[in-house]
Amino acid sequence: ARELGLCYVVHGSIRMIRDRVALNVQLASAASGVLVWAERFQTVAHDLASIHDEITGRLVRIFSMKLIEDVDRQIAGMDPLGWTSDELVMRGRRQISRSISASNRALAIGYFQRALDKNADCRDAKIGIAGILIGNLLDGWSGDTEADRSRAEVLLAQFLEDDADNAMAQTYMGMLRRLQGRLEDSRSAFE
């Protein structure tokens, strides 16, 4: 793993037990060998294609969360004054992955904003802030509806200039257009 420049290694095994499929999966740090996460999945072996889709979806969600948690733990041990824009984005992502609350969202926006302050072109910070602002608008947590709509729109427009086909940015734009009552534009963005 080190020769390939990998940070994490996935180990696993699959076994068929009568009419069930058992999958053991482990995620470990390549540098230290420390186990980050491990789990065993079992499911009925009706349709192997649907089992594949189900397990793959679950693993992607779990790995995303566990990797964000592990990287955030490493960043937390560093001097905050030296954090890069990428590290600040990771802290923001970790913050929004916690329980949904106005305070967690505000902390995440703070990390994303600091990332933008360090790098005005940081696309991940732009979409992070835009997504939170739209979430706040939808949840009734916006302190200034017009300012939040405007800022989300500007950030999404900047993001989409560089990557017009980004699914997440298009989804957020669709949500924003719907909030604005622009249903045809919303439908177009969702497509």
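This is a short walk through the protein shown above, from its overall build to a few single residues.

Keep in mind as you look around that the model is predicted. Let us start with the whole chain. The protein holds seven helices and three strands. Their order is easy to remember: reading along the sequence gives β-β-β-α-α-α-α-α-α-α, so to speak a line of strands followed by a line of helices. If you trace the C-alpha atoms along the principal axes, the protein spans about 60 × 45 × 30 Å.

Next, look at inside and outside. Of the 191 residues, 37% are buried. The surface that the protein exposes comes to about 11400 Å², and carbon and sulfur atoms supply 52% of that area. Charges are part of the picture too: there are 24 positive and 27 negative ones, and the mean positions of these two groups are 7 Å apart. How much of the contact network links residues 24 or more positions apart? Among contacts with a separation of 6 or more, such pairs account for 40%.

Now let us visit the strands. Strand 1 covers residues 8–17 and strand 2 covers residues 20–29, with R18 in the loop between them. R18 has a positive phi of about 50°, although R18 is not a glycine. Most residues other than glycine have a negative phi, which is why this value is worth a look. Is R18 buried or exposed? With 80% relative accessibility, R18 counts as exposed, because the cut-off for that word is over 50%.

A little further along, in strand 2, you meet V25. V25 has a relative accessibility of 4% and so counts as buried. Which residues surround V25? Leaving out residues up to four places away in sequence, V25 touches V10, H11, G12, W37, A38, E39, F41, L59 and F63. For a sense of distance, try finding L107: V25 and L107 are 82 residues apart in sequence, and their C-alpha atoms are 33 Å apart in space.

From the strands we can move on to the helices. Helix 1 runs over residues 48–76 and includes D70. The relative accessible area of D70 is 10%, so D70 is buried, as this is under the 20% cut-off. Beyond its neighbours within four places in sequence, D70 is in contact with Y8 and V36. Y8 brings us back to strand 1, which covers residues 8–17.

Our last stop is a pair of helices. Two packed helices are described by the angle between their axes and the distance between the axes. Here, helix 5 (residues 145–162) and helix 6 (residues 167–179) pack at an angle of about 150°, and their axes are 10 Å apart. The crossing of helix 5 past helix 6 is left-handed. On the side of helix 5, the contact is made by R149, A152, E153, L156, A157, F159 and L160. Helix 6 contributes A169, Q170, Y172, M173, L176, R177 and L179.

Helix 6 is also home to G174. At 0% relative accessibility, G174 counts as buried. What does G174 touch beyond its neighbours within four places in sequence? G174 is in contact with S186, A189 and F190. K118, by contrast, lies 56 residues from G174 along the chain, and 29 Å separates the C-alpha atoms of the two.

Note on methods
Residues numbered from 1 in each chain as written. Predicted model: local features only at pLDDT ≥ 70, side-chain atom pairs only at ≥ 80, totals over all residues. Heavy atoms only, no water. Helix = DSSP H or I, 4+ residues; strand = E, 2+ residues; numbered from the N terminus. Buried < 20%, exposed > 50% of the residue type's maximum accessible area, 1.4 Å probe, protein only. Contact = heavy atoms within 4.5 Å. Areas by Shrake-Rupley, 256 points an atom, 1.4 Å probe, with all protein chains shown as cover. Lys, Arg positive; Asp, Glu negative; His and termini not counted. Charge placed at Lys NZ, Arg CZ, Asp CG, Glu CD. Axes fitted to C-alpha atoms, helices over the stretch in contact; angles between N-to-C directions. Left-handed = near helix turned anticlockwise from the far one by under 90°.
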